[in-house]
Amino acid sequence: MSEKTAQNANHSSNAPGGPGTALAAPARAKTVEIAFWLLLASAAAVLIRIPVAISVLNTDEFKTRLEETFGAYVIVPNWISSESSGYVWSGIITAVVLAAIAVLVRMGLGWPRFVLIVVTVLTALNMRVQFTQEPVVMAAAWVTLAAVLLMLAATVLLFLPQAGAYFKSRGQYRKDRTLSRA
């Protein structure tokens, strides 16, 4: 018997069902499932912020406030175009990153939780700026606040002990499955 075959036989006999039993994937923790949906909702909120912000930026009231705030030092169409572009690109990039984190976490990978912390902090800092810059695009700032709260809730859920145990068991399952194929 070759060394690989012996390893496979030993590995299979360690499986709960005995020799030759297929490895069963660990059940997904409820906290991970809820966090997945919260992250998708947060990604949707970030995308919803785009048309909300653009619609506010293009109102006559906002243009008047912009001129009152900056006076002759602002070219209103250029400023609105620049701000709109910022909302579009930051929204799309953030939504894609959040969706990717959601999928990777649902697959049982634990490292995206740490990326989520960074994304949550950066989005919260962005939100702080949105509430304090003049003139404030208040509707977009409130949507960003909702997205940050959803991200924060997902982050907390992903660091609860049940989620940690799931990621650990899922990592062991991947390791065992790789060994059984070798």
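**Stop 1: helix α6**

Start by selecting the buried residues of helix α6: Ala140, Ala141, Val143, Thr144, Ala147, Val148, Met151, Ala154, Thr155, Leu157 and Leu158. Keep in mind as you look that this is a predicted model. Now show the helices around your selection. The buried residues of α6 pack against α2, α4, α5 and α7.

Next, try the distance tool on the two end C-alpha atoms of α6. With 21 residues at 1.5 Å a residue, α6 should span 30 Å, and its end C-alpha atoms are 30 Å apart, so the expectation and the model agree.

Stay on this helix and pick Thr155, which sits in α6. Is Thr155 buried or exposed? Its relative accessibility is 11%, so Thr155 counts as buried. Which residues does Thr155 contact, once its neighbours within four places in sequence are left aside? Select Leu116, Ile117 and Thr120 to see them.

**Stop 2: the whole chain**

Zoom out and color by secondary structure. You should find 7 helices and 0 strands. Follow the chain along its sequence and the pattern reads α-α-α-α-α-α-α. The chain has 182 residues, and 35% of them count as buried.

Here is something about how the chain comes together. Take the contacts between residues at least 6 apart in sequence: 75% of these join residues at least 24 apart.

**Stop 3: helix α4**

Select residues 76-106, which make up helix α4. Its 31 residues should span 45 Å at 1.5 Å a residue; the end C-alpha atoms are 44 Å apart, which agrees.

Now highlight the buried residues of α4. They are Val76, Trp79, Ile80, Ser84, Tyr87, Gly91, Thr94, Ala95, Leu98, Ile101, Ala102 and Val105. What covers them? The cover includes α2, α3, α5 (112-132), α6 (138-158) and α7 (161-181), so show those helices together with α4.

Before moving on, look at Gly108, which follows α4. The phi angle of Gly108 is positive, near 100°.

**Stop 4: where α3 meets α4**

Keep α4 on screen and add helix α3, residues 60-70. The axes of these two helices come within 11 Å and cross at roughly 110°. Helices α3 and α4 are therefore roughly perpendicular to each other. Turn the view until you can see this crossing for yourself.

To see who makes the contact, show side chains. On the α3 side, select Phe62, Lys63, Leu66, Glu67 and Phe70; on the α4 side, select Val76, Trp79 and Ile80. How many nonpolar, polar and charged residues does this contact have? By class there are 6 nonpolar, no polar and 2 charged residues.

**Stop 5: Glu33 and its partners**

Our next target is Glu33, in helix α2. Glu33 has a relative accessible area of 17%, so it counts as buried. Which residues does Glu33 touch, not counting residues up to four places away in sequence? Select Arg28 and Arg106 to find them.

Here is a general idea to carry with you: side chains of opposite charge can pair when their charged atoms come close.

Check one partner at a time. The side chains of Arg28 and Glu33 meet in a salt bridge, 3.1 Å from N to O. Arg28 has 38% relative accessibility, so it counts as partly exposed.

Then turn to the other partner. Glu33 forms a salt bridge with Arg106, with the closest N and O atoms 2.8 Å apart. Glu33 lies in helix α2 (residues 30-57) and Arg106 in helix α4, so this pair ties together parts that are 73 residues apart in sequence. Arg106, at 26% relative accessibility, also counts as partly exposed. Through shared partners, salt bridges join Arg28, Glu33 and Arg106 into one network. The count of salt bridges comes to 2.

While you are here, select Val105 as well. The C-alpha atoms of Glu33 and Val105 are separated by 8.9 Å, although the two residues are 72 residues apart along the chain.

**Stop 6: Pro161**

For the last stop, select Pro161 in helix α7. Is Pro161 buried or exposed? With 64% relative accessibility, Pro161 counts as exposed. Add Thr31 to your selection: the two residues are 130 residues apart along the chain, and their C-alpha atoms are separated by 9.4 Å.

Notes:
Residues numbered from 1 in each chain as written. Predicted model: local features only at pLDDT ≥ 70, side-chain atom pairs only at ≥ 80, totals over all residues. Heavy atoms only, no water. Axes fitted to C-alpha atoms, helices over the stretch in contact; angles between N-to-C directions. Helix = DSSP H or I, 4+ residues; strand = E, 2+ residues; numbered from the N terminus. Parallel < 35°, antiparallel > 145°, perpendicular 65-115°, else oblique. Contact = heavy atoms within 4.5 Å. Nonpolar A, V, L, I, M, F, W, Y, C, P; charged D, E, K, R; others polar. Salt bridge = Lys/Arg side-chain N within 4 Å of Asp/Glu carboxyl O. Buried < 20%, exposed > 50% of the residue type's maximum accessible area, 1.4 Å probe, protein only. Expected span 1.5 Å × (residues − 1).
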